[in-house]
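Colleague: Could you take me through this model before I look at the details?

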Amino acid sequence: ASTILVDKIDPQSGTALEIGSSGDTITIPSGATITNSGTATGFGGTNTPFFYANMSGSDQTGVSSNTWTKVQFNNEVYDPQSVYDPSSNYRFTPNVAGKYLINARISPYVAGLKFKEGFVAVYKNGSSVGQFGMSGDTTYIDYMLQPINQIVTANGSSDYFEIYGKITTSDGSNGQFSSGTNTQLSAFKVIE
């Protein structure tokens, strides 16, 4: 093998430059850096699509005890690829096939220290694919912060994801999902 020392390799005008042939291995040694200042592809993936939404304004009230209820994250903060619906379905529909990390946090609340348990779940196409929950002492608390992180697979066309919550009260009364910074949802594509 020989070493060719040059500062720049240019293809002939109007042609493309090819490095190596089929079956060859091109090695980039440790410590070397590739800088992509153009439109080169194939150097890993991107974390898109992605979005971030939260619940803004009024709390989501009238949540029936011991009933799975869709959480209405009604305020988009970021959604450059338009993959989240914050106004009617409250669902994430990835438009690129792959694996996604979904992060959600809700704040179930029950007035009068009647909180018994709270759960949060990621639903795919209408069915739970993961959930997290806790039981509380009904004599001391009226709310509990519920987070969930779930890796899911999407087909990039028809799969959709929603967040559901469940509040169980000690006397069967309704609860609510509190708005604000404690109630938020985000997702992004995982680079594989």
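The turns below cover the core, a surface patch and a small sheet.

Modeller: Keep in mind that this is a predicted model.

Colleague: Which strand supplies the largest share of the largest nonpolar core?

Modeller: The largest nonpolar core has 28 residues, and Phe51, Phe92 and Ile102 are among those with the most contacts inside it. At least two residues each come from β1, β5, β7, β9, β10 and β12. The largest share, 4 residues, comes from β5.

Colleague: Which residue of β12 (180-189) does phenylalanine 92 touch?

Modeller: Leaving out residues up to four places away in sequence, the contacts of phenylalanine 92 include Phe51, Tyr100, Ile102 and Phe161. β12 spans 180-189. The contact of phenylalanine 92 that falls in this range is Ala187.

Colleague: Is leucine 17 buried, partly exposed or exposed?

Modeller: Leucine 17 lies in the segment before β1. Together with Ile4, Val6, Ile9, Ile19 and Ile26, Leu17 forms a nonpolar patch on the surface, with about 670 Å² of accessible area together. Buried means under 20% and exposed over 50%. The relative accessibility of leucine 17 is 47%, so this residue counts as partly exposed.

Colleague: Which strands stand at the edges of the open sheet of 3 strands?

Modeller: The order is β2-β11-β6, with antiparallel pairing. A strand with a single partner has one side left without a neighbour in the sheet, so the edges are β2 and β6.

Colleague: Which residue of β11 stands opposite tyrosine 109?

Modeller: β6 covers 108-109, and 2 bridges join β6 to β11 (residues 175-177). Opposite tyrosine 109 in β11 stands glutamine 176.

Technical notes:
Residues numbered from 1 in each chain as written. Predicted model: local features only at pLDDT ≥ 70, side-chain atom pairs only at ≥ 80, totals over all residues. Heavy atoms only, no water. Core = buried A, V, L, I, M, F, W, Y, C linked by side-chain atoms within 4.5 Å. Buried < 20%, exposed > 50% of the residue type's maximum accessible area, 1.4 Å probe, protein only. Contact = heavy atoms within 4.5 Å. Patch = residues over 30% accessible without salt bridge, like charges linked within 9 Å, V, L, I, M, F, W, Y side chains within 5 Å. Areas by Shrake-Rupley, 256 points an atom, 1.4 Å probe, with all protein chains shown as cover. Salt bridge = Lys/Arg side-chain N within 4 Å of Asp/Glu carboxyl O. Pairing = 2+ DSSP bridges.
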